[in-house]
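Here is a short tour of one protein chain, with the sequence and structure placed alongside. Have the viewer ready and follow along section by section.

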Amino acid sequence: MSLVIPTKNEARNLAWVLEQVPRCVDEVVLVDASIDATRTMAHACLPDIRVVDQTGPGKGNALRAGFAAAHGERIVMMDADGSMSPTEIPHFVHFLDNGYDFVKGSRFMGGGGSLDITRLRHAGNWGLLTAVNLLYHSNLTDLCYGYCAFDRRFMEHLDLTADGFDIEAQMTIHALKAGLRIAEVPSLELPRRSGRSNLHAYSDGKCVLRTILRDRPRNGSSQLQRTFGNDRSGTHGAGLTNEA
C-alpha cells in the first residue's frame with residue numbers, strides 16, 4: 001500500500017502526520033512544491049520516504065504525480081496539514097479488503113465530523129454534493145474531502161486530469177461513472193495544525209462545479225432544474241455505501 005501526500009510548505013505540520021502512519025502502509029510518497037524545510041523534515045521523520053518533485057501548480061497536479069510514482073497495489077491519499085489523521089487508514093483498508101474498489105472519507109455521516117469547516121464551505125459542499133447525487137443517482141454524504149483510498153487497477157477508469165482541488169470531485173464522479181463499488185467511511189476533520197490553507201472557497205468551488213457539469217449525463221440539467229426549481233431545500237441520502 002502506498003500513501004500519497006501532496007505538500008506545499010508544511011514543515012511545521014508534517015512530523016505529526018508521518019509519526020502516525022500505520023504499519024499497513026508500505027511506502028509514503030511525498031509530492032513536494034515547498035520552499036520551506038518540508039523535505040528535510042520528511043527525511044528526518046521517515047528516512048525511507050520517497051520525495052517526488054511537483055511539476056506544475058495545483059493539488060490535482062501533485063496527486064497525479066504521486067499516483068504515477070506510487071508502487072503499491074492500493075493507494076491512499078491524504079493532506080499534510082494535520083487535518084486528517086493517518087490512524088484512520090486501517091478503516092479504509094478494511095473496506096478495500098471486503099470487496100470495495102474506491103473508499104472515501106465522509107465528515108457528514110454517523111461517526112464523522114469536522115472541527116474546521118466554515119459555514120460557507122459547508123454550504124458549498126452541500127450544494128455540490130446535491131448536484132452529484134442528482135446527476136449520478138448516488139447517495140453520497142460528502143464530496144469535497146480529499147481522504148480517499150482505491151485499488152490502482154482502476155486508475156485508468158478514474159481518468160484523472162484535474163490540476164486543482166477539483167480532483168477530489170473528479171475522482172468520485174469518475175468512480176461513479178465507471179461503476180466502481182464505492183464505500184464511505186466516517187472521518188473526523190481536524191483543524192489545520194499551523195499555517196494557512198491553500199484552499200479558496202469561492203474560486204475552487206466554481207472549479208468543482210465546472211468539473212461536475214462537464215461530465216454530466218444528458219438529462220442532468222433537467223434533473224437539477226426540477227429539484228432546485230421546485231424544492232429549494234433539497235435533500236441527499238446518507239448511506240455507508242453506494243453501488244453505482
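## Helices α3 and α7

In this predicted model, helix α3 (residues 59-69) and helix α7 (residues 167-177) have axes that come within 9 Å and cross at roughly 55°. That angle falls outside the ranges for roughly parallel, antiparallel or perpendicular, so α3 and α7 are oblique to each other.

Which residues make the contact? From α3 come Lys59, Gly60, Leu63, Arg64 and Phe67, and from α7 come Ile167, Glu168 and Met171. Sorted by character, the residues of this contact of α3 with α7 divide into 4 nonpolar, 1 polar and 3 charged.

## Strand β2 and its two partners

Now please turn to strand β2, residues 27-32, which is mostly covered, with 6 of its 6 residues buried. In a regular strand, side chains alternate between the two faces of the sheet. Here, Glu27, Val29 and Val31 point one way from β2, while Val28, Leu30 and Asp32 point the other way. Both sets are buried, including the acidic residues Glu27 and Asp32.

Strand β1 (residues 2-7) pairs with β2 in the parallel sense, over 6 bridges. Within this pairing, Ile5 has Leu30 of β2 as its bridge partner. To get from β1 to β2 the chain passes through helix α1 (residues 11-18), and this β-α-β crossover is right-handed.

β2 also pairs with strand β3 (residues 50-53), again in the parallel sense, over 4 bridges. Leu30 has Val51 as its bridge partner in β3. Here the chain crosses from β2 through helix α2 (residues 38-45) to β3, and this β-α-β crossover is right-handed too.

## Val76 in strand β4

Val76 is a good residue to centre the view on next. This valine sits in strand β4, residues 74-77. Is Val76 buried or exposed? Its relative accessibility is 0%, so Val76 counts as buried.

What surrounds Val76, leaving aside its neighbours within four places in sequence? Its contacts are Met1, Ser2, Leu3, Val4, Ile89, Tyr147, Cys148 and Ala149. For one of them, Val4, the separation is 72 residues in sequence, yet the two C-alpha atoms are 6.1 Å apart in space.

## Two residues with positive phi

Two loop residues are worth a look for their backbone angles. His137 has a phi near 55°, a positive value in a residue other than glycine. His137 is found in the loop between α5 (119-136) and β7 (148-151). With a relative accessible area of 60%, which is over the 50% cut-off, His137 is exposed.

Asp159 also has a positive phi, near 50°, and is likewise a residue other than glycine. The loop that holds Asp159 runs between α6 (155-158) and α7. Asp159 has a relative accessible area of 45%, so this residue is partly exposed.

## The chain as a whole

Stepping back, how many helices and strands does the protein chain have? Its secondary structure comes to 9 helices and 10 strands. Of its 244 residues, 52% count as buried.

Contacts across the sequence complete the picture. Taking the contacts in the protein chain with a separation of 6 or more, 78% are between residues 24 or more positions apart. The contact of Val76 with Val4 belongs to this long-range group, as the two are 72 residues apart in sequence.

Terms used: Residues numbered from 1 in each chain as written. Predicted model: local features only at pLDDT ≥ 70, side-chain atom pairs only at ≥ 80, totals over all residues. Heavy atoms only, no water. Axes fitted to C-alpha atoms, helices over the stretch in contact; angles between N-to-C directions. Parallel < 35°, antiparallel > 145°, perpendicular 65-115°, else oblique. Contact = heavy atoms within 4.5 Å. Nonpolar A, V, L, I, M, F, W, Y, C, P; charged D, E, K, R; others polar. Buried < 20%, exposed > 50% of the residue type's maximum accessible area, 1.4 Å probe, protein only. Pairing = 2+ DSSP bridges. Right-handed = clockwise from strand over helix to strand, strands pointing away.
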